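Visitor: I would like to learn how to read a model of this kind, feature by feature. Could you take me through one, giving the general idea before each case?

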Amino acid sequence: MSSHHFVKDGQEPTLIILSILPPSFEQVQSLLEWSPQVFVSDVALKTVLPWNIKIDGILASQSSIQQWQRELYEQEPLQWVQYSDGSVINALEALAARNHHKIQIVDDVGVFPLHDLQGLPSHTIAVIRELRRWSLIRGEKWTKWVPAATTVSLVCGLSTYEHTVTTDGTHTIVLPPPFWVGEAI
């Protein structure tokens, strides 16, 4: 990790690894540069543990929490966020309510449709999925400098759009909020 990245206490992002395909450390390595708090779902733990990264918390189902607590006792202290079997969205809601204002979710399997995540109380939400970074836009416009020939994916409600930028420069997209912008990573 780079030593020149400093983040004030309480402002670090939270990286949540729900699912990752292919199981590649390189895919999340750049996300770790900003010293995030790292939470891993019980489903992704077997993939993530061999990476030997610091894990701050586990999202575990009621049926697996005792098993993982026994296996991970050497890694304590860990924050445990328990969810009802099949309801990991409840764990994300509980985590967001614990002052995790900036969250990045790695979810390659597509555990949740994007619109299911926009109700989370976090200020900034990004989802890394299938080599795209999806950013939730809570206002009515997205503005960013992008090079020509960049294709941006948009999800507004249940509709999906593609927008290709024809010139280098700052571009603005206006849609009814909230909406998602997907950029290749």
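**Reading charged pairs, sheet and loops**

Guide: Let us begin with a single residue in this predicted model: Asp 56 has a relative accessibility of 15%, and because buried means under 20%, Asp 56 counts as buried. Its side chain meets that of Lys 54 in a salt bridge, with 2.4 Å from N to O, and Lys 54, at 60% relative accessibility, counts as exposed.

Visitor: What is the general idea behind such a pairing, and how many salt bridges does the structure hold?

Guide: Side chains of opposite charge can pair when their charged atoms come close. The structure holds three salt bridges. Besides the pair already described, the side chains of Arg 129 and Asp 107 meet at 2.7 Å, N to O, and this pair links distant parts of the chain, since Arg 129 belongs to strand 6 and Asp 107 to strand 5, 22 residues apart. Both Arg 129 and Asp 107 are buried. The side chains of Glu 183 and Lys 144 also meet in a salt bridge, again given as 2.7 Å from N to O, and here too distant parts of the chain are linked, with Glu 183 in strand 12 and Lys 144 in strand 8, 39 residues apart. Glu 183 counts as buried at 15% relative accessibility, whereas Lys 144 is partly exposed, with a relative accessible area of 36%.

Visitor: Several of these residues sit in strands, so I would like to place them: in what order do the ten strands form the open sheet?

Guide: The order is 4-3-2-1-5-6-7-12-9-10, and the pairing is mixed. Strand 4 (79–83) and strand 10 (159–164) stand at the edges with a single partner strand each, so one side of each has no neighbour in the sheet. Neighbouring strands are turned against each other by 20° on average, if direction is ignored.

Visitor: Which strands does strand 1 join through bridges, and in what sense do they run?

Guide: Strand 1 is joined to strand 2 (residues 37–41) by four bridges, and the two run parallel; within this pairing, Ile 17 stands opposite Val 40. On the strand 5 side (residues 102–107) there are five bridges, and the sense is again parallel, with Ser 19 standing opposite Asp 107, the residue that meets Arg 129 in a salt bridge. Strand 1 itself, residues 14–19, is mostly covered, six of its six residues being buried. For an antiparallel case, turn to strand 7 (residues 132–137) and strand 12 (residues 179–184), which pair over six bridges; there the bridge partner of Trp 134 is Gly 182.

Visitor: How should I read one strand residue in such a sheet, and where is Ile 125 found?

Guide: In a regular strand the side chains alternate between the two faces of the sheet. Ile 125 is found in strand 6 (residues 124–129) and is buried, with a relative accessible area of 2%. Its contacts beyond four places in sequence include Ile 103, Leu 117, Trp 134 and Trp 180. Ile 125 and Gln 104 are 21 residues apart in sequence, yet their C-alpha atoms are 5.9 Å apart in space.

Visitor: For a helix, which residues of helix 4 are buried, and why do they line one face?

Guide: The idea is to look down the axis and see where the buried residues point. In helix 4 (residues 88–97), the buried ones are Val 88, Ile 89, Ala 91, Leu 92, Leu 95 and Ala 96. Seen down the axis, they fall within an arc of 155°, so they line one face of the helix. What covers them includes strand 1, strand 2, strand 3, strand 4, strand 5 and helix 5. Just after helix 4, Asn 99 takes a positive phi of about 70°.

Visitor: Where does Leu 131 lie, and what else should I read in the loops?

Guide: Backbone angles are the thing to inspect there. Leu 131 lies in the loop between strand 6 and strand 7, has a positive phi of about 60° although it is not a glycine, and is exposed, with a relative accessible area of 58%. A cis peptide bond joins Glu 76 and Pro 77, with omega about 10°, and Pro 77 lies in the loop between helix 3 and strand 4. Another cis peptide bond joins Pro 177 and Pro 178, with omega about -10°; Pro 178 lies in the loop between strand 11 and strand 12.

Notes: Residues are numbered from 1 along each chain as its sequence is written. This is a predicted model: local features need pLDDT of at least 70, side-chain atom pairs count only at pLDDT 80 or more; totals for chains, interfaces and linings use all residues. Side-chain values use heavy atoms; hydrogens and water are left out. Buried means under 20% relative accessible area, exposed over 50%, partly exposed in between (1.4 Å probe, protein chains only). Contact means heavy atoms within 4.5 Å. Two strands pair if DSSP finds at least two bridges between them. Axes are lines fitted to C-alpha atoms, for helices over the stretch in contact, and angles run from 0 to 180 degrees between N-to-C directions. A salt bridge is a side-chain nitrogen of Lys or Arg within 4 Å of a carboxyl oxygen of Asp or Glu. The arc is that of the directions from the helix axis to the C-beta atoms.
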